[in-house]
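The following exercises ask the reader to work through a chain from its overall layout to its helices and its nonpolar core. Each task is followed by a worked solution.

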Amino acid sequence: MRFRTAIKEPLDIAFLFWSITVGIVLGAGLIPLAVFGSIFIGIIMILFVNKKTSDNPYILVVNCNDEQVEEYVQKAITESVKKHMVKSKTVTAHQIELTIEVRLKDATTQFVNRISEIAGVKSAVLVSYNGDYMG
């Protein structure tokens with residue numbers, strides 16, 4: 001089987017394989033196995049669909065003056081978020097721009113305010129992020 005576009009959702013892939021398997025089992029004439037297997041897999045999929053994830057990624061873009069300010073920003077980020085990873089760093093003559101993927105500890109974004117208050121930070125922007133990074 002071939003798809004014209006990439007399938008990004010794991011649940012979509014599970015549904016595709018489930019339907020292919022049921023089709024093969026029905027083609028083999030094992031109707032009770034197809035029915036009971038479908039009920040079992042259907043219940044499992046319903047449980048996973050209703051599971052909410054609160055671990056949404058965000059992109060934090062920080063413009064700062066120099067390396068010392070960058071270290072303060074990195075320390076503040078480490079203390080404030082659950083997980084972070086530098087996606088890109090751009091250094092120009094008078095500025096350093098950091099693009100960092102962050103996972104929040106809780107739903108608050110107050111740490112961005114604290115980062116923007118650090119002396120030497122020109123701007124701090126937090127953007128919702130779906131996993132695709134275009135830099």
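Buried means under 20% relative accessible area, exposed means over 50%, and partly exposed lies in between (1.4 Å probe, protein chains only). The model is predicted: local features need pLDDT of at least 70, side-chain atom pairs count only at pLDDT 80 or more, and totals for chains, interfaces and linings use all residues. Residues are numbered from 1 along each chain as its sequence is written, and side-chain values use heavy atoms, with hydrogens and water left out.

**Exercise 1. Classify T21 and locate it in the chain.**

Step 1. T21 has a relative accessible area of 45%, so it is partly exposed.
Step 2. T21 is found in helix α1; helices (H or I, at least four residues) and strands (E, at least two) are DSSP runs, numbered from the N terminus.
Step 3. G37 lies 16 residues from T21 along the chain, and their C-alpha atoms are separated by 9.5 Å.

**Exercise 2. State the order of the elements and the extent of burial.**

Step 1. Four helices and four strands make up the elements of the chain.
Step 2. Read from the N terminus, their order is α-α-β-α-β-β-α-β.
Step 3. The chain has 135 residues, of which 24% count as buried.

**Exercise 3. Describe how α1 and α2 pack.**

Step 1. Helix α1 has 18 residues and spans 26 Å from first to last C-alpha, close to the expected 26 Å; the expected span is 1.5 Å times one less than the number of residues. Helix α2 (residues 31-49) has 19 residues and reaches 26 Å, close to the expected 27 Å.
Step 2. Just after α1, G29 takes a positive phi of about 85°.
Step 3. The two axes come within 9 Å and cross at roughly 170°. Axes are lines fitted to C-alpha atoms, for helices over the stretch in contact, and angles run from 0 to 180 degrees between N-to-C directions. α1 is therefore roughly antiparallel to α2, a term for angles over 145 degrees.
Step 4. Residues of α1 including W18 and V22 are among those that meet a set in α2 that includes A34, G42 and M45; contact means heavy atoms within 4.5 Å.
Step 5. A34, G42 and M45 are buried in α2. They cover an arc of only 75° around the axis, so they lie on the same side of α2; the arc is that of the directions from the helix axis to the C-beta atoms. The face turned away from this buried side carries the exposed P32, L33, F36, F40 and L47.

**Exercise 4. Which residues of α3 are buried, and which are exposed on its other side?**

Step 1. V69, E70, V73, A76, I77 and S80 are buried. Their arc is only 125°, which puts them on the same side of α3.
Step 2. E67, E71, K75 and E79 are exposed on the other side.
Step 3. The cover over the buried residues includes β1, β2 (81-92), β3, α4 and β4.

**Exercise 5. Identify the largest nonpolar core and its contributors.**

Step 1. A nonpolar core is a set of buried Ala, Val, Leu, Ile, Met, Phe, Trp, Tyr and Cys residues joined through side-chain atoms within 4.5 Å.
Step 2. The largest has 19 residues, and L60, V62, V73, I77, V102, F111 and I115 have the most contacts inside it.
Step 3. Two or more residues come from each of β1 (57-64), α3 (67-80), β3 (95-104), α4 (110-116) and β4 (121-128). β3 gives the largest share, five residues.
Step 4. Not counting residues up to four places away in sequence, L60 touches residues that include I77, V102, F111 and I115.

Notes: Angles under 35 degrees count as roughly parallel, over 145 as roughly antiparallel, 65 to 115 as roughly perpendicular and the rest as oblique.
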